[in-house]
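Colleague: Got a minute for this one? Put it on screen and I'll fire questions.

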Amino acid sequence: MYYVPDGTKRCGFYECTECQSRFLDIRVAPKLVCPYCGEEVDMEIGPDDDIPASSESAVLLEMLEGDDVEKYDTLLSLALTGGDYTWI
Ligand SMILES: [Zn+2]
């Protein structure tokens, strides 16, 4: 397992609206801070700027349960490493 611990029975499948990364996270929430481009709120934004939008740019696409967790984890981690997974 790449994104979530072995034995995970339920997780969220997310896509970032900023960098289009797709990933799994054991936390299931409507939105998460993207682990790739998301940063904690920038405290150096000047007073002229609007309050920064939520940095939770990754949105839940699907909730995965059971065998799907491992299946998606495998597919996504292979895609991430540039592997050709058409042979699966
Ligand atoms: Zn992102």
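Colleague: What share of the contacts with a separation of 6 or more comes from residues 24 or more positions apart?
Modeller: That share is 50%. Keep in mind that this is a predicted model.

Colleague: Noted. What does the secondary structure come to?
Modeller: One helix and four strands. Along the sequence the pattern reads β-β-β-β-α.

Colleague: And what is the strand order in the sheet?
Modeller: The order is β2-β1-β4-β3. The sheet is open, and the pairing is antiparallel.

Colleague: Which strands stand at the edges?
Modeller: β2, residues 22-25, and β3, residues 31-32. Each has a single partner strand, so one side of each lacks a neighbour in the sheet.

Colleague: Let's take β1 and β2. How many bridges pair them?
Modeller: Four, in the antiparallel sense. β1 covers residues 10-16.

Colleague: Give me the register. Which residue in β2 is the bridge partner of Gly12?
Modeller: Asp25. Further along, Tyr14 is opposite Phe23, and Glu15 has Arg22 as its bridge partner.

Colleague: What links those two strands?
Modeller: They form a hairpin, with five residues between them. Gln20 sits in the turn and has a positive phi of about 65°.

Colleague: Now the other neighbour. How many bridges join β1 to β4?
Modeller: Seven, and these strands run antiparallel too. One bridge pairs Arg10 with Glu65 in β4.

Colleague: Is β1 mostly covered or mostly open?
Modeller: Mostly covered. Five of its seven residues are buried.

Colleague: How much of the whole protein counts as buried?
Modeller: 18% of the 88 residues.

Colleague: Switching to packing. How many residues are in the largest nonpolar core?
Modeller: It has 13 residues. Val4, Cys11, Tyr14, Leu24 and Ala58 have the most contacts inside it.

Colleague: Which strands each supply at least two residues of that core?
Modeller: β1, β2 and β4, the last being residues 58-65. The largest share, four residues, comes from β1.

Colleague: You listed Ala58. What does Ala58 touch, leaving out residues up to four places away in sequence?
Modeller: Tyr14, Glu15 and Cys16 are among its contacts. Ala58 also touches Lys31, Leu32, Val33, Cys34 and Gly38.

Colleague: So Tyr14 turns up more than once. Remind me where?
Modeller: Tyr14 is opposite Phe23 in β2, it is listed among the core residues with the most contacts, and it touches Ala58.

Terms used: Residues numbered from 1 in each chain as written. Predicted model: local features only at pLDDT ≥ 70, side-chain atom pairs only at ≥ 80, totals over all residues. Pairing = 2+ DSSP bridges. Buried ≥ 20, exposed ≤ 12 C-beta atoms within 10 Å, placed from the backbone. Contact = placed C-beta atoms within 7 Å. Core = buried A, V, L, I, M, F, W, Y, C linked by C-beta atoms within 7 Å.
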